[in-house]
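Student: Could you take me through a close look at a single part of this model, and then set beside it one further piece of packing?

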Amino acid sequence: MTTIWAGLATGALYSLVAIGYNVVLLASGVVNFANAYLIMIGTFLAYVCLVDWGLPVAAAIPLTGLAVAVIAVVEERIAIRPLLNRQGGHAALITTVGVGTLLGGIAAKVWGTEPVRVPSPFSAEPLTLLGGTIQRNDLVLILLVLALGVGLHLWSRRTLLGLASLATAENRQAAQARGLNVRALGLGAFALAGLIAGLFAVFVAGRTYAHFHLGETLALFGFVAIAIGGSGSQLGGLIGGFAIGLLYAVTARYVGDSYPQIVVFAVFLLILLTRPRGLFGGAAERQV
Amino acid sequence: MLQVSGLSGGYGDIRVLWDVDLRVRPGRVTAVLGRNGAGKTSLLNAVAGFPPGVTGGTITFDGRDVTGMAPHRRVRAGLGYVQEGKQVFRQRTVEDNLLLGGFTLARSGLGRWTGGRKRSPARREALDRQYERFPMLAERRHTVAGSLSGGQQQMLAIAQALMPAPRLLMLDEPSAGLAPVIAAEVFEMITVLRADGLSILLVEQVVEYAMRVADDVAVVDNGRIAAAGDARSFDDTAVINEIYLGAGSR
């Protein structure tokens with residue numbers, strides 16, 4: 001059970017990244033590869049707030065959230081907005097990778113290449129739960145990511161604005177013709193994704209430490225999570241992330257420490273070959 | 001109602017509209033005719049706020065200059081646009097498509113962020129009105145739009161544009177890709193809408209359909225208005241020569 005808990009906690013990280021990808025993807029049709037790097041920057045900013053400035057957790061979390069949201073908005077203005085009127089959809093993938101690399105470089109320059117320990121808001125005393133042990137921070141992380149994923153899923157299905165973001169992702173010009181301000185929607189999505197990345201950074205750092213290389217790992221596995229779960233499906237991304245985390249932990253425990261990546265990517269390829277749209281993606285679309 | 005004066009525009013360096021004048025009078029159907037690639041769709045797109053970019057001239061709607069306005073603001077101003085090719089949200093249900101059509105009826109402020117899809121009374125009323133007008137859509141309200149037939153999708157696209165009760169409805173090639181019987185139904189609906197007092201700007205390649213409903217006609221050729229006037233003053237043969245044999249101005 002301890003293995004399961006560890007898998008779920010790692011999976012929560014991947015789900016969090018997948019959720020961030022989907023927020024932006026749904027509203028503006030762009031894969032924001034830099035999203036994982038926003039979380040990485042968030043972990044350092046949390047460190048600055050908690051250690052350098054000595055702020056309490058209750059102040060550090062919203063401050064980090066706001067700061068990362070601002071970074072995400074700046075990203076949208078410089079890396080996405082100039083591309084919107086051009087044809088061909090892959091340019092945004094390149095520019096967001098560029099922003100991610102830039103953020104990684106800045107983090108390495110400012111905070112160094114060694115992992116930095118960010119103080120956790122919870123005691124280090126592990127909990128015994130359902131026959132396994134788990135860190136308090138990890139349990140909170142799992143629960144919060146679950147709540148976030150389900151909440152966003154319901155929001156996108158039940159509210160008009162959520163519906164508008166699904167519609168914009170599907171057909172941008174038609175959405176404009178129906179009176180939707182798609183630019184504001186896109187910018188709002190980046191701000192929301194940044195806010196989420198920043199708000200969760202403290203809990204992420206509680207599991208991983210702040211490290212300039214964190215962005216790459218999270219970006220890759222988050223990407224696998226939406227590919228497995230189905231891009232554009234919040235629930236799919238959520239489940240995809242947890243599934244990878246579990247698979248990773250179980251493989252490491254029962255097969256051997258050097259196998260988890262191989263197994264995860266083998267499953268990833270298998271799903272891409274058999275269900276290219278992911279397990280939960282695009283099932284509703286039927287051509288007539 | 002709608003007054004386009006001296007409109008020029010293009011895509012980057014490629015100019016597609018040259019000094020276009022067009023007037024849509026209230027309660028009338030104005031048909032824009034022309035060959036393939038004549039600039040008909042470009043003209044509608046420019047009026048709706050989409051590319052081609054406008055480089056000269058003005059677009060006035062209900063006495064308001066809308067020339068530089070963002071597309072979503074023009075919808076709020078009362079311009080409805082049914083784009084070519086049945087541009088519905090194929091992955092969403094009929095009802096969600098209609099609710100999205102009524103997006104501009106949403107309350108302002110925080111309520112728009114958290115409000116349920118049908119919470120706004122104005123949107124619910126608009127929905128009921130469209131179901132009354134298009135009973136076929138009411139029967140299929142929970143069907144995914146992509147699985148409707150072409151004609152049904154075209155009707156849905158029209159109903160969607162009608163949701164915010166526009167004062168001018170622009171239709172781009174409503175008969176495109178439809179069997180003649182179905183196209184006839186679509187034009188039947190245009191007649192009904194005109195009878196209700198809606199002003200309509202119609203782009204149509206099939207002259208026969210367009211002439212069935214048009215009050216006024218404008219012929220576009222090479223991005224310019226080649227002829228314009230009361231539909232009765234155009235006899236069919238002259239119009240067809242005009243458009244398809246490229247006879248130039250009358």
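**Strand pairing in chain B, and a helix contact in chain A**

Tutor: In this predicted model, strand β1 (residues 2-11) of chain B pairs with strand β4 (residues 53-61) of chain B in the antiparallel sense, and seven bridges hold that pairing. Within it, B:Ser5 has B:Thr58 of β4(B) as its bridge partner. β1(B) is also joined by seven bridges to strand β2 (residues 14-24) of chain B, and these two run antiparallel. B:Tyr11 stands opposite B:Ile14 of β2(B), and the hairpin formed by β1(B) and β2(B) has two residues between the strands, with B:Gly12 taking a positive phi near 60°. As a general point, side chains in a regular strand alternate between the two faces of the sheet.

The further piece of packing lies in chain A, where the axes of helix α10 (residues 234-254) and helix α11 (residues 260-274) come within 8 Å and cross at roughly 140°. Since angles over 145 degrees would count as roughly antiparallel and those of 65 to 115 as roughly perpendicular, α10(A) and α11(A) are therefore oblique to each other, and their crossing is right-handed. On the side of α10(A), the contact is made by A:Ile244, A:Leu247, A:Tyr248, A:Thr251 and A:Ala252, while α11(A) contributes A:Pro260, A:Gln261, A:Val263, A:Val264 and A:Val267. Sorted by class, the contact of α10(A) with α11(A) has eight nonpolar and two polar residues, with no charged residues.

How values were computed
Residues numbered from 1 in each chain as written. Chains lettered and ligands numbered in written order. Predicted model: local features only at pLDDT ≥ 70, side-chain atom pairs only at ≥ 80, totals over all residues. Heavy atoms only, no water. Axes fitted to C-alpha atoms, helices over the stretch in contact; angles between N-to-C directions. Helix = DSSP H or I, 4+ residues; strand = E, 2+ residues; numbered from the N terminus. Parallel < 35°, antiparallel > 145°, perpendicular 65-115°, else oblique. Left-handed = near helix turned anticlockwise from the far one by under 90°. Contact = heavy atoms within 4.5 Å. Nonpolar A, V, L, I, M, F, W, Y, C, P; charged D, E, K, R; others polar. Pairing = 2+ DSSP bridges.
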